[in-house]
Amino acid sequence: MIRTVPTKPYSDQKPGTSGLRKKVPVFQQEHYAENFIQSIFNALDGFEGKTLVIGGDGRFYNREVIQKAIAMAAANGFGKVMVGQGGILSTPAASHVIRKYKTFGGIILSASHNPGGPHEDFGIKYNAGNGGPAPEKLTDAIFEKTKTIANFKTTDIAAIDIDTIGTVEAGGMTVEIIDPVADYAELMESLFDFDAIRANFKYGFRMRFDAMHAVTGPYAKEILENRLGAPNGTCRNFKPLPDFGGHHPDPNLVHAKHLYDEMMGPDAPDFGAASDGDGDRNLIIGKGIFVTPSDSVAMLAANARLAPGYKEGLKGIARSMPTSGAADRVAEKLGIGIYETPTGWKFFGNLLDADMATICGEESAGTGSNHVREKDGLWAVLLWLNILAARGESCKQIVTEHWSTYGRNYYSRHDYEEVESDRANALVDELRAKLGALPGTSVRGMTIASADDFAYHDPVDGSTSERQGIRVLFEGGSRVVFRLSGTGTSGATLRVYIERYEPDKSRHDLDTQVALADLISAADDIAGIRSHTGRAKPSVIT
Ligand code: VG1
Ligand code: CO
């Protein structure tokens with residue numbers, strides 16, 4: 001039944017920040033998905049007879065690729081696959097299933113926060129046996145395999161019914177269709193004080209969760225409404241749709257503006273949250289106050305002991321380099337380690353495995369802990385709910401008190417999307433070339449203390465990752481960081497990260513863009529953003 005099918009390599013299958021992402025029509029080219037999946041298998045060793053987890057975020061083309069992956073796993077010698085019912089598994093749930101059942105690894109089909117549909121984005125990523133995204137060494141090896149692939153292996157089996165929970169034999173392999181929510185919900189119950197959160201809802205605490213028609217819908221419905229007793233209607237847009245209802249499933253202030261508006265309105269609920277396409281991001285908005293992801297990780301870390309799963313305290317905190325330094329101050333106060341990694345969750349895996357970090361976070365709305373090896377949107381929401389229930393204060397009180405204790409890191413990210421690649425590369429090249437000359441010079445009255453291209457030395461495995469973002473640090477601790485996105489599928493996206501620390505309590509309620517105005521102008525002076533990109537302003541400000 002096993003067939004070896006001849007194929008030709010594609011030259012564009014280099015995984016980015018989080019797997020391979022392309023437009024659906026690119027993925028629909030002959031053998032395009034097969035080539036990448038076979039290249040993953042070719043880069044791995046020792047999976048004969050072992051189990052592979054397969055699931056995705058339900059986007060357009062998910063079901064087709066799941067069938068391909070099942071047939072190819074059988075032909076390549078896996079003993080078993082575990083597939084989320086309906087092809088659904090959120091990224092954190094997949095990570096948990098890989099770990100809980102000690103499987104060999106998993107394939108997650110998702111382009112995360114990118115839009116879905118026949119002309120939008122699709123993606124494939126591989127997670128290893130620790131439940132985490134393939135480290136760079138492995139993604140590099142996969143890319144090498146894609147360049148020379150000559151054939152792939154598949155099995156001629158009838159399409160598997162992925163909608164019915166149960167176990168079947170196919171192509172000499174066991175196929176188990178699992179409930180995508182059950183294991184994950186049980187894990188959440190083990191970490192958080194569900195009784196306290198339930199009591200809070202019972203006494204009238206109101207919340208809004210927007211699943212953005214993406215994968216967290218079924219998880220949020222089960223956990224928030226069924227298990228925690230939040231009223232029916234707490235979850236919105238909870239049915240996963242192949243095109244996310246035509247929206248970007250990106251929980252930021254642009255794509256989740258309706259939630260923001262509701263939370264700032266007169267009849268706002270106490271707490272609002274949203275998650276992205278594959279369920280690993282979180283947006284947190286309290287009644288009348290938006291919590292930046294960088295602040296959120298700091299506040300969650302500072303209060304984590306209030307949740308049963310973290311009552312022994314934290315071993316350390318890790319944050320990606322562009323994420324604000326708010327978490328650093330918490331780590332300092334707690335007397336625990338703080339680690340600064342490149343962008344992308346794959347860099348946290350070693351720190352979590354080595355038990356050096358317990359909580360990790362990225363400015364891009366990603367927060368998570370050592371309970372899985374991915375960022376986890378609902379986990380962050382539940383930890384917030386646990387803290388709110390335990391403290392009996394509003395989100396706004398918790399945030400403002402945190403700022404008065406630690407100071408406030410004003411922070412914003414400006415994205416210039418779909419810039420012509422040549423122009424974006426020219427900006428970065430030019431900036432890189434002048435880094436050495438910047439220290440000591442002044443821009444808008446601020447003196448540059450140092451400027452470099454961030455390189456990360458992994459303290460666990462000793463590996464080095466270079467060119468991970470250009471940072472310009474000013475005297476006094478303010479900074480701007482420039483990097484190009486590794487998740488987009490057309491043109492280049494320039495990300496500019498801007499941060500200023502404000503210790504003075506009386507200056508903690510400024511508008512963020514106003515508080516950062518000088519730095520925003522300085523960023524343009526230094527990098528020539530407007531002249532290089534031809535854009536007068538960013539496409540997205542978060
Ligand atoms: C972006 C974010 C990064 C995140 C990555 C994957 O990457 O900046 O922090 O880890 O997306 O998130 P980039 O290279 O575009 O800046 V997800 O939720 O899209 O898997
Ligand atoms: Co995501």
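**Sheet, metal site and ligand contacts**

In the antiparallel sense, strand β19 (residues 408-419) pairs with β27 over 2 bridges, where pairing requires that DSSP find at least two bridges between two strands. Strands (E, at least two residues) and helices (H or I, at least four) are DSSP runs that are numbered from the N terminus. The model is a predicted one, in which local features need pLDDT of at least 70 and side-chain atom pairs count only at pLDDT 80 or more, whereas totals for chains, interfaces and linings use all residues. Residues are numbered from 1 along each chain as its sequence is written, chains are lettered from A and ligands numbered from 1 in the order in which they are written, and side-chain values use heavy atoms, with hydrogens and water left out.

Within the pairing of β19 and β27, Asp415 has Val540 of β27 as its bridge partner, and His414 stands opposite Ile541 of that strand. Strand β19 is also joined to β26 by 10 bridges, these two strands running antiparallel, and Ser412 stands opposite Ile498 in β26. These strands belong to an open sheet of 7 strands, ordered β20-β21-β24-β25-β26-β19-β27 and paired in the antiparallel sense. The edges are occupied by β20 (442-443) and β27 (540-541), each of which has a single partner strand, so that one side of each is left without a neighbour in the sheet.

Two helices pack on this sheet, contact being taken as heavy atoms within 4.5 Å. Helix α15 (residues 421-434) touches β19, β21 (446-453), β24 (470-474), β25 (479-484) and β26 (492-502), and its direction makes about 135 degrees with that of β25; axes here are lines fitted to C-alpha atoms, for helices over the stretch in contact, and angles run from 0 to 180 degrees between N-to-C directions. Helix α17 (residues 517-527) touches β19, β20, β21, β24, β25 and β26, with a direction at about 135 degrees to that of β26. Strand β19, touched by α15 and by α17, is mostly covered, since 10 of its 12 residues are buried, that is, under 20% relative accessible area, with exposed meaning over 50% and partly exposed in between (1.4 Å probe, protein chains only).

The cobalt ion (ligand 2) has as its protein donors Ser112 (OG), Asp276 (OD), Asp278 (OD) and Asp280 (OD), which lie 1.9 to 2.1 Å from the ion. Donors are N, O and S atoms within 2.8 Å of the metal (3.2 Å for Na, K and Ca), and because water is not among the atoms, sites may look incomplete. Along the chain, the donors of the cobalt ion follow the spacing S-x163-D-x1-D-x1-D. Ser112 lies in the loop between β5 (105-109) and β6 (121-127), and Asp276 in the loop between β12 (271-275) and β13 (282-286), so this pair ties together parts that are 164 residues apart in sequence. Both donors count as buried, Ser112 at 2% relative accessibility and Asp276 at 0%. Ser112 is not a glycine, although its phi is positive, at about 55 degrees.

Ser112 is also among the closest of the 20 residues that surround ligand 1, together with Thr17, His113, Ser364 and Thr487, a residue being near a molecule or strand if one of its heavy atoms lies within 4 Å. Oxygen atoms of ligand 1 are placed 3.0 Å from a polar side-chain atom of Arg21, 2.6 Å from an N or O atom in the side chain of Ser364 and 2.6 Å from a polar backbone atom of Gly486.

Three further loop positions may be described. Thr323, in the loop between β15 (316-320) and α11 (326-334), counts as buried at 0% relative accessibility, and its side chain makes a polar contact with the side chain of Ser320 (2.7 Å). A polar contact is a pair of N or O atoms within 3.5 Å; within protein, one must be able to donate a hydrogen and the other to accept it, and residues adjacent in sequence count only if both atoms are side-chain atoms. Leaving aside residues up to four places away in sequence, Thr323 touches Ser294, Gly361, Glu362, Glu363, Tyr411, Arg479 and Glu499. Gly407, found in the loop between α14 (395-406) and β19, is buried with a relative accessible area of 7%, and under the same sequence exclusion touches His402, Tyr501, Glu502, Pro503 and His508. Asp355, in the loop between α12 (349-353) and β17 (359-362), is partly exposed with a relative accessible area of 35%, and its phi is positive, near 60 degrees, in a residue other than glycine.
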